[in-house]
Amino acid sequence: MGLDFTVVPAYFDVLLLGTAWTIAIMICAGLLSFFGGIFFAVIALYGHWVIRLPFRLFAWLFMGTPLLLQLFLIYFGLIEIGIDLPAFVAGVIGLGLHFAVYNSELIQASILAVDKGQYEGARTLGLSRGQTLRRIVIPQAVRAVVPPMGNNMIALLKDSALVSVIGVAELTLAAQQAISRTYRPFEFYIAAAACYYVVNLCLEAGLRRLERRIAASR
């Protein structure tokens with residue numbers, strides 16, 4: 001049986017809907033990973049040891065176990081203790097927390113690299129430690145780690161395919177649904193790969209533009 005890409009246009013709406021869900025997951029999980037990374041970095045560096053120790057365990061769990069297992073634990077495991085999350089929410093939380101831990105490592109290193117004179121100058125102006133972090137240190141630290149955090153966003157986009165296993169109808173699952181009706185796996189996996197590639201190109205273009213704007217503002 002030869003290739004027949006003429007079957008793809010009939011399921012174009014299915015693939016587009018799957019692509020839309022993929023983009024929604026990427027945006028929501030990306031925001032969670034960004035703000036979660038900042039929050040985790042501040043806890044790791046400045047939190048009380050009573051808070052830091054559980055966070056270290058939490059970070060070890062998310063860095064030392066597969067993302068797929070984490071999604072299963074959040075979606076299927078939390079039901080055992082009475083927390084029944086929709087598949088989309090579970091996927092966003094799983095992806096967001098997973099990459100938040102990695103973003104946290106980047107932000108911690110960037111915070112520590114900020115010139116100590118910045119802290120002294122802020123104290124001279126009467127700013128508290130919290131105000132110094134919020135207004136001076138963290139903005140500088142975040143700007144410095146935009147490129148590596150952008151790489152994490154690209155990885156997040158690719159790993160978003162894993163949420164298909166918990167029933168989120170993103171691009172990969174949409175392609176599988178089309179395959180189950182047409183028995184044309186190669187054609188639809190190629191079509192899904194093309195959609196991922198286009199989204200990835202748009203994301204990379206947006207990140208490059210953001211990097212240029214940040215560089216120009218320094």
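Contacts, burial and helix geometry

Q: In this predicted model, which residues does Met63 touch, leaving aside residues up to four places away in sequence?
A: Met63 touches Val101, Tyr102 and Glu105. Contact here requires heavy atoms within 4.5 Å.

Q: Why is Met63 called partly exposed?
A: The relative accessible area of Met63 is 36%. Buried would need a value under 20% and exposed one over 50%, so Met63 is partly exposed. Met63 sits in helix α2, residues 49–64.

Q: How far is Met63 from Arg184, in sequence and in space?
A: Met63 and Arg184 are 121 residues apart in sequence, and their C-alpha atoms are 37 Å apart.

Q: What makes the pair Glu187 and Arg184 a salt bridge?
A: The closest N and O atoms of Glu187 and Arg184 are 3.3 Å apart. The cut-off is 4 Å between a side-chain nitrogen of Lys or Arg and a carboxyl oxygen of Asp or Glu, so the pair qualifies. Both Glu187 and Arg184 are buried. The structure holds one salt bridge.

Q: How do you know that the length of helix α8 agrees with its number of residues?
A: Helix α8 covers residues 171–182, which is 12 residues. At 1.5 Å a residue, the expected span is 16 Å. The end C-alpha atoms are 17 Å apart, so the two values agree.

Q: Which residues of α8 are buried, and what covers them?
A: Leu171, Thr172, Leu173, Ala174, Ala175, Ala178, Ile179 and Thr182 are the buried residues of α8. Their cover includes α1 (12–46) and α9 (185–217).

Q: What is found at the start of α8 and just after α8?
A: At the start, a side-chain oxygen of Glu170 comes to within 3.1 Å of the backbone nitrogen of Thr172. A polar contact needs N or O atoms within 3.5 Å, and this pair meets that distance. Just after α8, Tyr183 has a positive phi of about 60 degrees.

Q: Why is Asn200 given its burial class, buried or exposed?
A: Asn200 has a relative accessible area of 11%. The limit for buried is under 20%, so Asn200 is buried. Asn200 belongs to helix α9. Not counting residues up to four places away in sequence, Asn200 touches Ile154 and Leu157.

Q: Which residues make the nonpolar surface patch of about 480 Å²?
A: The patch is made by Leu68, Leu69, Phe72, Leu73, Phe76 and Val165. Leu68 lies in helix α3, residues 67–77.

Key. Residues are numbered from 1 along each chain as its sequence is written. This is a predicted model: local features need pLDDT of at least 70, side-chain atom pairs count only at pLDDT 80 or more; totals for chains, interfaces and linings use all residues. Side-chain values use heavy atoms; hydrogens and water are left out. Patches are made of residues with over 30% relative accessible area and no salt bridge: like charges are joined within 9 Å, nonpolar side chains (Val, Leu, Ile, Met, Phe, Trp, Tyr) within 5 Å. Accessible areas come from the Shrake-Rupley method with a 1.4 Å probe; for residues, only the protein chains shown count as cover. Helices (H or I, at least four residues) and strands (E, at least two) are DSSP runs, numbered from the N terminus. The expected span of a helix is 1.5 Å times one less than its number of residues. Buried means under 20% relative accessible area, exposed over 50%, partly exposed in between (1.4 Å probe, protein chains only). A polar contact is a pair of N or O atoms within 3.5 Å; within protein, one must be able to donate a hydrogen and the other to accept it, and residues adjacent in sequence count only if both atoms are side-chain atoms.
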